[in-house]
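Me: I'm new to reading protein models and would like to learn how the terms are justified. Could you take my questions one at a time?

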Amino acid sequence: FMPVGTRGTVKSLTPGEVRDAGAQIILGNTYHLYLQPGHELIARMGGLHRFMGWDGPILTDSGGFQVFSLVYGGIADEVKGRRPSQQAQLKPGMVKVTENGVIFRSYIDGSKHLFTPERSIEIQKGIGADIILCFDELPPFRAGYDYTARSLERTHRWEARCLQFHQNTLGGQNLSFAAPNLDQSLFGIVHGGVFENLRRASAEYIGTLGFDGLCIGGSLGKDKQQINEVVDMTVPHMPDALPRHLLGIGDVDDLLEGVARGIDMFDCVSPTRLGRHGAALVRDAARKWRLNVQNASLRNDDAPLDAQCRCYTCQHYSRAYIHHLFRAQELLGIRLVSVHNVAFLCDLMAEVRDSIREGRFAALRREWLGE
């Protein structure tokens, strides 16, 4: 599991705290880093690792997810089939999709920009991540079969262009800056929405192109059951030898169900987003693994957030103290719960790896899911 450091920081945490929490790799966002501070500046600073002080691996997404959020509003809602909120309604005119790429306007100053497959890879080479992703289109859940099929064909053409540009710049040649990292792996992305024949066709095609790994992206369905169905219809057609990354997934049950279906890697903003809203992850399926630290019942609770957690927060502070911090609107509360949540998911995945080695993953899955 990789925590998300959208703008070159895992929100509210230092790189040392992220490392101590057990994270082995983090994710950076190409779209946001391109707009501010810019990939060429990051390259001049020695790459994102040096710029942000993180000495572990970094994965960058292609920027497509954020670009298409400009037209689809709440892209997380749309991709998952939920109705957008009033604050995230459609925004026509913000994005124009062509065969060459996507023209969009900056949310910062309204300036116009063009992301082509080649441009996305070039930006990621400036950022210097260890794993980079192909540029893709993200049609929403409600797009329907016909548009999803057309979008899939265009995304396949874009991914082939990404791979060609990546291969042409492996040694840092043909770039306008000195590439800070010449040892990058390029992952392809399997699309197809919730349609089994499209998922199979995409997995089989992308799996033959020579990528270093594969992601499952696009709309994953309207609920958790459909997410699992999409993974089930995709994984059997992906090459066994390549790592598989399920994009944007981070709930406890989704991680366990994903592993059970053959997924190797996950990323999500949820640990720190939950932390900012006072939700701590706990080993309690009945609570959906979440504890609201602002509940009045915690005012006199001297226990740690989670009795089995090894993180700094749980080793030093009580639920009562963290409850006080949130009631007093102290920033430390957000930091402590975020540290805990990142460690909680990293520890879960460490348990999963141990259980697989020891042949007891099925039992661990039942234990966590309360079955």
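Me: Where is Ser-12 found, and what makes its phi stand out?

Reply: Ser-12 is found in the loop between strand 1 (2-5) and helix 1 (15-20). Its phi is near 80°, a positive value in a residue other than glycine. Please keep in mind that this is a predicted model.

Me: What makes Ser-12 worth noting in the contact between the domains?

Reply: The chain is divided into domain 1 (2-246) and domain 2 (293-369). The area buried between domain 1 and domain 2 is about 740 Å², and carbon and sulfur atoms give 58% of that area. Ser-12, Leu-13 and Ala-21 supply 55% of the area that domain 1 buries against domain 2, more than any other three residues.

Me: How do you know that domain 1 and domain 2 are in contact?

Reply: Contact asks for heavy atoms within 4.5 Å. Nine residues of domain 1 are in contact with nine residues of domain 2. The centres of the two domains, taken over C-alpha atoms, are separated by 30 Å.

Me: Why is the pair Glu-17 and Arg-335 called a salt bridge?

Reply: The rule wants a side-chain nitrogen of Lys or Arg within 4 Å of a carboxyl oxygen of Asp or Glu. For Glu-17 and Arg-335 the N to O distance is 2.7 Å, so the pair passes the 4 Å cut-off. Across the interface of domain 1 and domain 2 the rule finds one salt bridge. The count of salt bridges by this rule comes to 22.

Me: What separates Arg-119 and Glu-122 along helix 7, and what makes them a salt bridge?

Reply: Arg-119 and Glu-122 are separated by about one helical turn, because they are three residues apart in helix 7 (residues 117-127). Their side chains meet at 2.7 Å, N to O. With a cut-off of 4 Å, this pair therefore counts as a salt bridge too.

Me: Which residues lie nearest the centre of the second largest pocket, and which element gives the most to its lining?

Reply: Phe-1, Gln-24, Asp-264, Met-349 and Arg-353 lie nearest the centre, out of 16 lining residues. Strand 11 (265-268) and helix 15 (331-357) are the elements that give two or more residues to this lining. Helix 15 gives the most, with five residues. The pocket holds about 320 Å³ of space, and its lining has twelve nonpolar, two polar and two charged residues.

Me: How do you know that both domains help to line the second largest pocket?

Reply: The lining draws at least three residues from each of domain 1 (2-246) and domain 2 (293-369).

Me: Why is the largest cavity called a cavity, and what is its volume?

Reply: A cavity is space where a 1.4 Å probe fits but cannot get out, so an open space would not earn the name. The largest cavity has a volume of about 50 Å³. With a cut-off of 30 Å³ or more, the count comes to three cavities.

Me: What makes up the lining of the largest cavity?

Reply: Its lining divides into two nonpolar, eight polar and one charged. Glu-137, His-191 and Ser-219 are among the residues that line this cavity. The second largest cavity, with about 40 Å³ of space, has four nonpolar, four polar and no charged residues in its lining.

Notes
Residues are numbered from 1 along each chain as its sequence is written. This is a predicted model: local features need pLDDT of at least 70, side-chain atom pairs count only at pLDDT 80 or more; totals for chains, interfaces and linings use all residues. Side-chain values use heavy atoms; hydrogens and water are left out. On a 1 Å grid over the protein atoms alone, a cavity is a set of points where a 1.4 Å probe fits but cannot get out, and a pocket is an open set with protein on both sides within 12 Å along at least five of seven lines; lining residues have an atom within 4 Å of a point. Grid points are joined across faces, edges and corners, and a volume is the space filled by probe spheres set on the points. Helices (H or I, at least four residues) and strands (E, at least two) are DSSP runs, numbered from the N terminus. Ala, Val, Leu, Ile, Met, Phe, Trp, Tyr, Cys and Pro count as nonpolar, Asp, Glu, Lys and Arg as charged, and the others, Gly among them, as polar. Domain bounds come from an automatic or database domain assignment. Buried area is the accessible area (1.4 Å probe) that two parts lose on being put together, summed over both.
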